[in-house]
Structure formats: C-alpha cells, structure tokens
Amino acid sequence: MIKYRVNKTKHVDQTKTVSFDFDGKSYHGFDGDTLASALLSNGVHLVGRSFKYHRPRGIMSSGSEEPNAICQINENTDLTEPNVRATEIELYEGLKASSQNCWPSVNFDIGGINNFISPFIPAGFYYKTFMWPKNFWKKIYEPLIRWSAGLGKSPTKPDPELYDHKHVHCDVLIIGGGISGIIASKIASKNNLKTILIEDKNILGGSTIFQKNENYKINNKYSGEWIDEEIAELKKLDNLTIKTRTSLAAYHSYNYLLAKENISDHLPLDKRNGDIRQRLWKIRADKVIVATGAIERPLVFNNNDRPGIMLANSVKKYLDFYGVSCGFNNVIFTNNDSAYETAVSLKEKGISVEIIDIRKKSNSKIVKNAEKLGVKIYWNSTVVNTFGHRKINSIEIMNLSEDGSNIVGDKNKINCDCLAVSGGWTPMVHMHTQSGGKLDFRENDQTFIPTEIDENHINVGSCNGDFELEEIINNTNKKVKNFLKVSETEFDNTSVLNSKELDKRNIWLLPNYISEGKCKSFIDFQNDSTAKDIKLALREGFKSIEHVKRYTTTGMATDQGKLSNMHALGIIADTAGVKMGTLGTTTFRPPFTPLTFGSIVGRSVGKFFDIIRKTSIHEWHSQNNAKFENVGQWKRPWYYPVNDEGLHDAVQRESKAARDSAGILDASTLGKIDIQGTDSSEFLNRVYTNAWSKLGIGKCRYGLMLNEDGMVYDDGVTTRLGENHYLMTTTTGGAANVLSKLEDYLQTEWPELDVYLTSVTDHYSTASICGPNSKKILTKIFPDKDFSDEAFPHMSYQNAKIDEINCRIMRISFTGELSYEINIESKYGKSLWEKCIEVGKEFKITPYGTETMHLLRAEKGFIIVGQDTDGTMTPIDLQMDWIVSKKKYDFIGKRSLYRSDTIREDRKQLVGLLTDDPNEVLEEGAQIVSDINKKPIEMIGHVTSSYFSPNLNKSIALAVVKSGKKMNGQKLIVPMENKKINVIVSDTVFLDKENKRINA
Amino acid sequence: MFLINCPYCGERDQSEFSCGGEAHIVRPKQPTELSDDQWAEYLFMRKNIKGIQFERWNHAHGCRKWFNMVRDTSNDKIYAVYKMGEKSPIE
Ligand SMILES: [Zn+2]
C-alpha cells in the first residue's frame, strides 16, 4: 500500500489513530486530521459527483471554499447532516461520512449518463427544456430532477441537541486569526481594549503557521516560528477573548455581527452528552477589524475538474500541516509566484514536481529557489487537456502565443497524479460588502479590494489586497494604529524578508486547440457551469452579472461562488470587451458559510417557540375537559365536550343551554384599555364612529373603530366609569394593535389632548354569564344588589363586592340574551368562576367556548372583526350605518367613507344566507355566484360565517356579496366540488329581531 | 441591525423599535373640506426615497414613545433623532 503520510508535523498527532467510515469503507486517520486530509492520506481523491453531469470530483481545497467534497455525515442517526465540507470537518472516532449526489455509488454512477448527453444540457437548460408540455412537470420532470440531483438528506427525527444564543459587547472584534488578525488582536488588547478574536479553524495562525522557507522570515526567524511565539503571547493577554471553531455568519449594519461557535461538532457522538452543540454569538462591536484572508483561484481550462486537480496552496497545506502528500508525481500549473512555495516544499521532501507557468519568466527569489532545487519549469505554457477517469493520470500542455489569446506549437504530454493549480488570489471581501462596504478594482492583479467606508471598520491583511508578507505586517500595523489611535506598537520595527513577485499575467479562460463548444472548462464546480455556458448566456442577451449568474446558476451552489465568481466576471468582461472593474460584482449575502437551523433558532423550540398566554381560569378549563383554541397567543376554551362528544354535538348542546337557561364564558382575553384624563370623551369621539360625549356615567356603549381609510379596524364595548374615566374593550386579537394605534394618535396628531392610556387586559378576569336565568344567578352571587331592569338596565355598569373583593358588573350582551359580565382582579378570577359554577348549578349553568360564542352571535347577526371583515369592509358595507355619526365633524376614517370608491353601490356587503335545504351547512370561505351558466363565472362574494343553529333548527350563514344590500330574497348559488347549493339572501339577524330576549 | 438612539432612553437595538413610515405627514385639520384627490394625497402618497428620508419610529419594546429619525436609506446611516413636535436638526 502506498504511504501518502510522508511528513511528521506538530499539528497532527500520529500516535493517536482515529478510525472512520467513508462510503461504507473503514479507514484510519490521526488526531488533528480533517476528514479531507484523512481521506487523502488514504489515497482517496474521488469523493463525489457533480450536480448536473455527475462527473467524478475530488477534494480540491482545504477550507470553506470547497466545492466538491460535500458529504452527508452520520447518516441514519438523528444527528445526520447534509452538505458538510470534508475540508472543514475535524476527524473524530466513529465518524461516518458518505458522498452526496451519486447513486448507486461514487464509482458507478447512473447519473453520469448526463455527461454523455451534456451537449443537450446548456445554460438555462432547466428553464428551457422543462417548460413543455405542462403536464409533464409534476409527474416526470420534477421527480426526475429531484431524484438525480439531490443535495443530501435532511434529518427526519427531531434534533436532540441544544443550541445557544449569546449577546456580547466589545471594543474591538477581530475576524480571522491569521497573521494580520493576530497582529491586530495584540495591538488592541495591549491597549486596554476589550477585544474578541474569532477564528473558524481549531487553531490560530492561518497559513503562516506551516511556513518554513528561507525566503520568508520575520525578525530573522521562519515566519511559522515567529507566529508560534506570537500566539503563545497572545494567549496570556487578559482582555482578549479568543474563540476558535467560530465562524462569522453575518456582518450587519452598526457593527452587529453573528458568529457561530462549534462546541461539540468535533467530538465523537458518544461524547456529546446532550450538551450545547453550537452557540450563536450576537456581537455588537465598537470597532471591527476584518482579517479574513484570501482564497486561491483555480484556473479555467479544458477538463479542469478531475479528481487530483487541486489548489496549489491546499496541496502545500496537506503536506506541511497534515503531513500528507496528495501525489508523488506532481505538476503545478500557475500564473503567479505563490505556487512555487508548494513546489519548493514538495521538492525539499524529495517529492517529484514540475511547473507549468503561463508567464514568460519570473526572476523572484522563490522562483530562483525552485530552479536551484532542480524543478523543471515550462514557461509561457498552458494545460490544454487532462486525462484519467477517477483520478488524473496525465495532461497535455502547449505554448501560449505572444498575447496569450491562442496556443502555438506542439502538444506535449506529461504524466502526473496530482495537478496543483493557482490562478492568483481573491481577497475575501464578503464581510466587508455585507456590512455595506464598496469595492475598487485593482488592474495589476485583477482583484476587487475594499474601499474603506467608515471610522468603525477596517480590513487588514490579504482580505485587503496585501499579499506579500512585508505588506501584510507593515500595513496591518499602520492601519490598526491609526484605527485604534495608538502611537507605537511592538511591530513598528519588525524586519521582514520575503520574495517579491514582479511578473504578472492573468488569462481568465485559457486558450485551447479544441473548439470552445467541445471544451469542458469548469467555472462553478459544484453547479457544473462552464465557460461555454457563460458565453451562451451572453449571446442570448444576458448582460448583468446578476442575470448571467442566475441563468447559468454560476455561484449559486452551497459554496456561493467562492471559487467561481471572479472567473465568471472575467470571462464576461473579456467576451463583452469591457473592463472588469465596470461590471460590479454579485451581492454577497449572509450567511458566509451555511448555518444550522438549530443555531438560528437557539432555545426557542417546543414550548419556548412562542409565548403562551393563559387566563387565570385556565386550570379550571383544563380540569373540565376543555378543548383549546389559539387566539393570537391566548389559549381559549373552544368547547367543553361531555363524554365522547365531538365539536358539533358539544356546540349544539352548549348553544341550546345558553339560550334555554344559562351559559358562562371566560371573556378575560378581550383587550382592556383604561382611559383617563379630562379629554377622554373627546378622544373617544375622535377614535370611534359614534358619539360619546353624552354617554352617562355608569353606562356602556358599543363602538366601531375604523382605519383612516374607512375600513373597520376593531370593535368593542366601552364603559364610562367616571366623568374622566373609561374602560375600553377590544377584540382579543386586536388588543395590542389598538393600544399602539391610540398611542400613536395621542402622541403625534393630538398631543394637546389630556388622555392617559393603560393596558389592563391582564389585570382583570371576566366571567360572562348569559341566558334567561342569568339574572337569578347574579342575584345569588350578589344578594344585596337590585338587578331589576329599572335599577340595572341593559348597557349599564355597577360596582359590587363578593365578600371584600371589588368587582365591576357590566350588563352587556354579545349573544342577544340577558347577559352580565363580571370583572374582577385576575388573582380572584378562578374563585369567581368557581362561585358562578357553584351557584349556577341549580340552573344547569353550562360553560361554553369560542365556537358556541361565535354561533350565538351569528344567530343575532353580530359581526366578528377579522372573520366577517377583512380590511376592505366599511361600516356601510356591513349595513351598520346606524353606528356612524352624521353629526360629528370628524373621526378616524370619516372622510374616507365618501371617497368615490367607498360609496360605490356594488361593493361587497354583509348579508345573511339561508340554504334551501335547512340541514345543509355552507363552508366558510365558499364562493358565491348568481349565474352559473355565464362563462367565465363571476364570483360575487364569499361565505364569512356559517353554522347549524340548534335554536332555529336550521343552517344560517353570513356572507359578503356584491350589491348584497339590494338582494334580500334573491336566489344565489354556492358551487362546491360535487354539488351546487341553492341559497336565499336574507336579513343578517336570524333570531329575535325585536331584541326581546335582552330584557327577558 | 441598527443601533438607535431613542431620544428618551438612549442607544438600543433595532429589535426594540418599529418603524412607522414617512414622517411629517400631518393629518388634515378639516378633512371634510378636502377633495377626494387631496384626501388621497394624505392617505396614500408616500415618497419612499433612496437617500435621506425622514421617518417615524416607535420605541415599542421600551418607552413606547414615537420620535422622528433622519436616515439615509441607501446606507442606513442615521443622521439624527428628535422628538415629536421638534424641528428636524437637518434640513
Ligand atoms: Zn425609548
């Protein structure tokens, strides 16, 4: 067996073996490996299939930019996770990982047939091909695409782990623990600033940590050694918090940032113990220093996607950090000096390497170093083809023409088992742009670099376009000093030695002897889009980068185009003949790397998902078998089934009892607003449609509240408790909004009014007792009180006492029955309720829920705002003209009631509906038509409330119908799936039109 | 997420506030005198500016006071906050 682990490093402990499974096969790696480095140490490059053509793909990088090595981990457990990058996951004992996007196996892949039909899968394929015929979509295309594409599987069981949120404030936040982040952290924390440093890897040091080259020295030490010492010192600093395994997800305005800390993802499953898995940090930083580094660019040439084709710096990292050689017969393909460091490192370990450089020459120190070691360099050359199915085995190269636009001379074949490519570097400007920062284009190395935007945020190091060691150290030091207003630092006189890159040449799409249409030059490896696709999109008329991106899907995979965006832009610029800097870039949106749902949701799961509001009587309802209904955040009793009653039977029984004897409802959830102040009456005049000045003290009145557009907003009964004191009730769902609206008007439009509003919804519990026997029950509860109609008429209120406890009794009715509402401080709510039940026993008092309440009020034609109205109904539409004052000069919404649109006669208006068959109950929401034969059928309205009334022994409904006011007695049709229901328009009041029961 | 300086409470997270749209739209004192068009102008027409915009904000999960804000909608820079009834410090 070939031994790929060729080098001992301090980052991987080769005495600690870790076993793991990949695609069902067992392997060994070591403590300190990533899944990717462990696979490579076993010679495994082929790890997946591409999305569209199912081409074999291998590990390409060593970080978050990885497009190919995307795995499903721990499949068939409740901790399974899709789309995990093998380059980021730390190896642990028992890890089970498998390739995604390939069936039945990575080596034999049926979807690979797409590769052979690929001439028929051009850009926009999904948009073009699957459009027709229409009925093919659901049964054929969609299942086909889903089956063949599949990006991993979601877990099917609840997530057993905990996720946490943490809010922190700091003076300085530094993103990225590479060399520039370390310098910045040291300066910040040594100057008494509370500093946080976050780093997504498990150790600090970035790519400097594995540098050991004569040409890169700091203060006469290898840069890797120098940084080791810096890190050791850093860890001793008091006011610095270092968070490793923590990746920045989002950089919002005003320096508000989200970072995800992985706490237990690197532990074996049996060591996780149900503790916190991930923590989302919500950081508000006074100042932010971004030091996120740069990503190496690939090169775009024919068949540039075979397993074994990797980024040059990653090849070096696998060798020098993990001790793994990705090949023994390496070729490096580059347009810049940085790849020579990889060559030198390989050669120094005695591993074969050759270099193909598209430049004509380079005389830098590192190039000379490679030449001295005997590395063969092919100048002015390009790779034109690659070979090898499951792994690369050879390449073809040719010379470039003088201007680089074409190839010249003969093909030359070179054998290799690893092709390390480098197309230069792209600063990671994602964080900068997410925060609102803009970019400048730098011609000389074709990079977008940040333009500084504000005094509280800077970029340092290679994410700022400083690629050479000397620049990085000196510029970082200088910028951080300015930023933090520090006059001197320990880095002021650092001596830096580095090789300087002098010769640059960039070709976004390398030329070939094969015609463009036949080249597979991949730009986006995960989404399988090629240079040809980009050019096709341009030919088809797409110009904006945002459109080309969506049409070709370039940059839209889980890696969000980290490797592909620059090449796409470059090829568009070249093809369209415009300057790249003028194209702009696509928008970088959070999250930078995918977040788990768990980390977003944190602890707000299960019963903590939303607030649950319960009345003080809730416990009694539960004990008495109530079924509950959610009304906003409230739990309200819906109905109280006896024995095995269903909803219908329970509601029929409750409704009958309420009209025949007595019913009791928990009305505590209605919104209650206490209104005080000398202008309270005037205020009510302005917010309700009817008049309030003449309401006597101790009297109650129903009010309708509109929006300024004239549409009904809320309703409820308001009681005058004193000269300057009212108690307003609102609908349960509308309480908070009504209070906000009233406060808004008071503070902004009418600040001159002397009015004070207090929400007292939670302060009082309300028991509403109705029915012909309600007066007798009240008399038993309050024996000293005179409940005669003369002493206590309908729509009035009185204070009363139960023992020593104060109550308010309102004689108001939402059912049409004789009815009283008793308000008491919430802490006594349950005792009051129990007393009512106890006293009411002899009258068979029946608790009823919201469903019965709805039925009873519908029998009387009372509306429910939000059920019979939907924000498009005026009081006139509701046939409630009587409540709109003609005399008042103004109230909210008055002017809108006679706009040209609101006075239209053919608006939808509230009517009653009776079915021809009294047993047929209409469906709420059902459409209503008048002429079923006229095509297209015009829908003239819909059913808003519908019930079977036990008191009338027939079906009743409320509906809104165009010009409904004029239709009384007219026949209409409610067409359903299998039948047509004949209905007759009626009055909205079905029961007791004379209002006799209210004083029964 | 903005950091908003409530004129009554000081700096708080945006999550404590709600935005009430364009500021300085005064409810007409005599709505009945207005034509449909004039009333519609008050009721529906909003500028929705890209750039410097005057907005109403409410410290809903705090002091519940309404106040005004001058904000550049293109970069979310807040230039000023001031109490209801006060003149904007920025024209
Ligand atoms: Zn406040």
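Where in chain A is A:Pro936 found? A:Pro936 lies in the loop between β46 (927-929) and β47 (939-949) of chain A. The model is predicted. This briefing covers cysteines, two cis peptide bonds, two residues with positive phi, a buried asparagine, a pair of helices and one loop glutamate.

**Cysteines**

- The count of disulfides over all chains is zero.
- A:Cys170 is in no disulfide, and the nearest cysteine sulfur, which belongs to A:Cys463, is 17 Å away.
- A:Cys170 has a relative accessibility of 7%, so this residue counts as buried.
- For A:Cys519, the closest cysteine sulfur is in A:Cys416, at 18 Å, which is too far for a bond.
- A disulfide needs two cysteine sulfur atoms within 2.5 Å.
- A:Cys519 also counts as buried, because its relative accessibility is 8% and the cut-off for buried is under 20%.

**Cis peptide bonds**

- The bond between A:Lys935 and A:Pro936 is cis, and its omega is near -5°.
- A second cis peptide bond links A:Pro590 to A:Pro591, with omega at about 0°.
- A:Pro591 sits in a loop of chain A, between α14 (565-576) and α15 (597-601).

**Positive phi outside glycine**

- A:Gln879 is a residue other than glycine, yet its phi is positive, near 60°.
- The loop that holds A:Gln879 runs between α22 (850-859) and β45 (908-915) of chain A.
- With a relative accessible area of 35%, A:Gln879 is partly exposed.
- In chain B, B:His24 has a positive phi near 60°, and this residue is likewise not a glycine.
- B:His24 is located in the loop between β3 (18-22) and α1 (36-44) of chain B.
- The relative accessibility of B:His24 is 47%, so B:His24 counts as partly exposed.

**A buried asparagine**

- A:Asn773 belongs to the loop of chain A between β40 (764-770) and α20 (774-781).
- Is A:Asn773 buried or exposed? A:Asn773 is buried, because its relative accessible area is 13% and buried means under 20%.
- The side chain of A:Asn773 makes a polar contact of 2.9 Å with the side chain of A:Ser661.
- When neighbours within four places in sequence are left aside, A:Asn773 is in contact with A:Ser661, A:Ala662 and A:Phe843.

**A pair of helices**

- Helix α5 (residues 179-190) and helix α6 (residues 223-234), both of chain A, have axes that come within 11 Å and cross at roughly 35°.
- This crossing of α5(A) and α6(A) is left-handed.
- On the α5(A) side, the contact is made by A:Ile179, A:Ile182, A:Ile183, A:Ser185, A:Lys186 and A:Lys190.
- On the α6(A) side, it is made by A:Trp226, A:Ile227, A:Glu230, A:Ile231, A:Glu233 and A:Leu234.
- Sorted by class, the contact of α5(A) with α6(A) has seven nonpolar residues, one polar residue and four charged residues.

**A loop glutamate**

- A:Glu923 is in the loop between β45 and β46 of chain A.
- Apart from neighbours within four places in sequence, A:Glu923 is in contact with A:Val943 and A:Met976.
- A:Glu923 and A:Lys157 are 766 residues apart along the chain, and their C-alpha atoms are separated by 36 Å.

Technical notes
Residues numbered from 1 in each chain as written. Chains lettered and ligands numbered in written order. Predicted model: local features only at pLDDT ≥ 70, side-chain atom pairs only at ≥ 80, totals over all residues. Heavy atoms only, no water. Buried < 20%, exposed > 50% of the residue type's maximum accessible area, 1.4 Å probe, protein only. Helix = DSSP H or I, 4+ residues; strand = E, 2+ residues; numbered from the N terminus. Polar contact = N/O pair within 3.5 Å; in protein donor to acceptor, adjacent residues only side chain to side chain. Contact = heavy atoms within 4.5 Å. Axes fitted to C-alpha atoms, helices over the stretch in contact; angles between N-to-C directions. Left-handed = near helix turned anticlockwise from the far one by under 90°. Nonpolar A, V, L, I, M, F, W, Y, C, P; charged D, E, K, R; others polar.
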